[in-house]
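Visitor: Please take one part of this structure, the packing of its helices, and describe it closely. I should then like to know how the rest of the chain is arranged.

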Amino acid sequence: YEALVRWNHPERGVVPPADFLPVAEETGLVIELGTHMLEQVCALIAARPDITATFSVNKSPLQINRPDWRAHFLETVLSRGVDPGRLVIEVTESAVLSHIDKVADDLRHLRTLGIGLHIDDFGTGYSSIALLRDLPVTGIKLDRSFTEHVVDAREARVVAAGLASLADGLDLVSIAEGIEEPAQATILAELGWTHAQGYLFGRPAPQPATELPTA
């Protein structure tokens, strides 16, 4: 599962993150928002022992650049009695590239406790391979721009196949995101992607109702 944030506005209804997260980043409110999201995830894990899957939480550059973010992260997790191994931190390449010297030790420490680290939107940054070398990465997520064109564009298939092979060789979890059509899922599975995410399998919901089968 991946924890996603939505704003349930009293007049506008559900506001997508693209409409408010940039403002949250600019104002610094994303830090409090991230803390709230983690608290919600930990509360859910603690309350739902029937759900055995891992939960991914996204971290922005502003969050992980704070010197105390690791301490606050662990305090929230441990205060709920949650097994750290149930959590995965998702960061984009851009989130860690500009702060890698500051965050590498924090991420390595969290990894020793069992917390996973996935690189989101993988394949779109110029230093993707370097991140796999310099950070304790446990998984990569294929950017949806490749998923979108994997059916009709040879170039997208070649890149997707290469990245899947790379993930397999490094024993990383490989997740293809943004899958909306059965043909996309079929091709990406044939290319070696072991996990899939997207509207084809389920749309964002308030919380998981039951344990989902492995896909």
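Guide: Before any packing angle is quoted, the term needs fixing: an axis is a line fitted to C-alpha atoms, for a helix over the stretch in contact, and an angle is taken between N-to-C directions, from 0 to 180 degrees. The model under discussion is a predicted one. Its mean pLDDT is 89, with 94% of the residues at 70 or more. Among the elements, helix H10 (residues 182-191) has the highest mean pLDDT, 98, while helix H5 (residues 93-97) has the lowest, 77.

Helix H4 is a suitable starting point. Helix H2 (residues 29-47) packs with H4 at an angle of about 25°, and the two axes are 9 Å apart. H2 and H4 are therefore roughly parallel to each other, since angles under 35 degrees are counted in that way. The crossing in which H2 passes H4 is right-handed. On the H2 side the contact is made by Leu38, Glu39 and Cys42, and on the H4 side by Phe73, Thr76 and Val77. Four of these residues are nonpolar, one is polar and one is charged. The polar residue is Thr76 and the charged one is Glu39.

H4, which spans residues 69-79, also packs with helix H6 (residues 100-112): their axes come within 10 Å and cross at roughly 20°. That angle makes H4 roughly parallel to H6. H4 passes H6 in a right-handed crossing. H4 contributes Trp69, Arg70, Phe73 and Leu74 to the contact, and H6 contributes Asp105, Asp106, Leu107, His109 and Leu110. Sorted by class, the contact has five nonpolar, one polar and three charged residues. The charged residues are Arg70 of H4 and Asp105 and Asp106 of H6, and the polar residue is His109. Phe73 deserves particular notice: this residue of H4 takes part in the contact with H6 and also in the contact with H2.

Another pair of helices lies further along the chain. Helix H9 (residues 154-169) packs with H10 at an angle of about 45°, their axes being 9 Å apart. That angle makes H9 oblique to H10. H9 passes H10 in a right-handed crossing. Arg157, Ala160, Ala161 and Ala164 of H9 meet Ile187, Leu188 and Leu191 of H10. This contact has six nonpolar residues, no polar residue and one charged residue, the charged one being Arg157.

The strands complete the account. Six of them form an open sheet, ordered S3-S4-S5-S6-S7-S8, with parallel pairing. Its edges are strand S3 (55-58) and strand S8 (195-196), each of which pairs on one side only. Strands of a sheet pair through backbone hydrogen bonds. At one edge, S3 and strand S4 (residues 87-92) run parallel and are joined by four bridges; Ser56 has Val88 of S4 as its bridge partner. Strand S6 (residues 139-142) and strand S7 (residues 173-176) are likewise parallel and joined by four bridges, and here Ile140 is partnered by Ser174 of S7. At the other edge, S7 and S8 pair in the parallel sense over two bridges, with Ala196 of S8 as the bridge partner of Ala176.

One residue from the start of the chain remains to be placed. Glu2 belongs to the segment before strand S1 (7-9). Although 54 residues separate Glu2 from Ser56 in sequence, their C-alpha atoms are 4.5 Å apart in space. Setting aside neighbours within four places in sequence, Glu2 is in contact with Ser56, Asn58, Glu90, Lys141 and Gln197. Among these partners, Ser56 is the residue that is bridged to Val88 of S4.

Terms used: Residues numbered from 1 in each chain as written. Predicted model: local features only at pLDDT ≥ 70, side-chain atom pairs only at ≥ 80, totals over all residues. Heavy atoms only, no water. Pairing = 2+ DSSP bridges. pLDDT = per-residue confidence, 0-100. Parallel < 35°, antiparallel > 145°, perpendicular 65-115°, else oblique. Left-handed = near helix turned anticlockwise from the far one by under 90°. Contact = heavy atoms within 4.5 Å.
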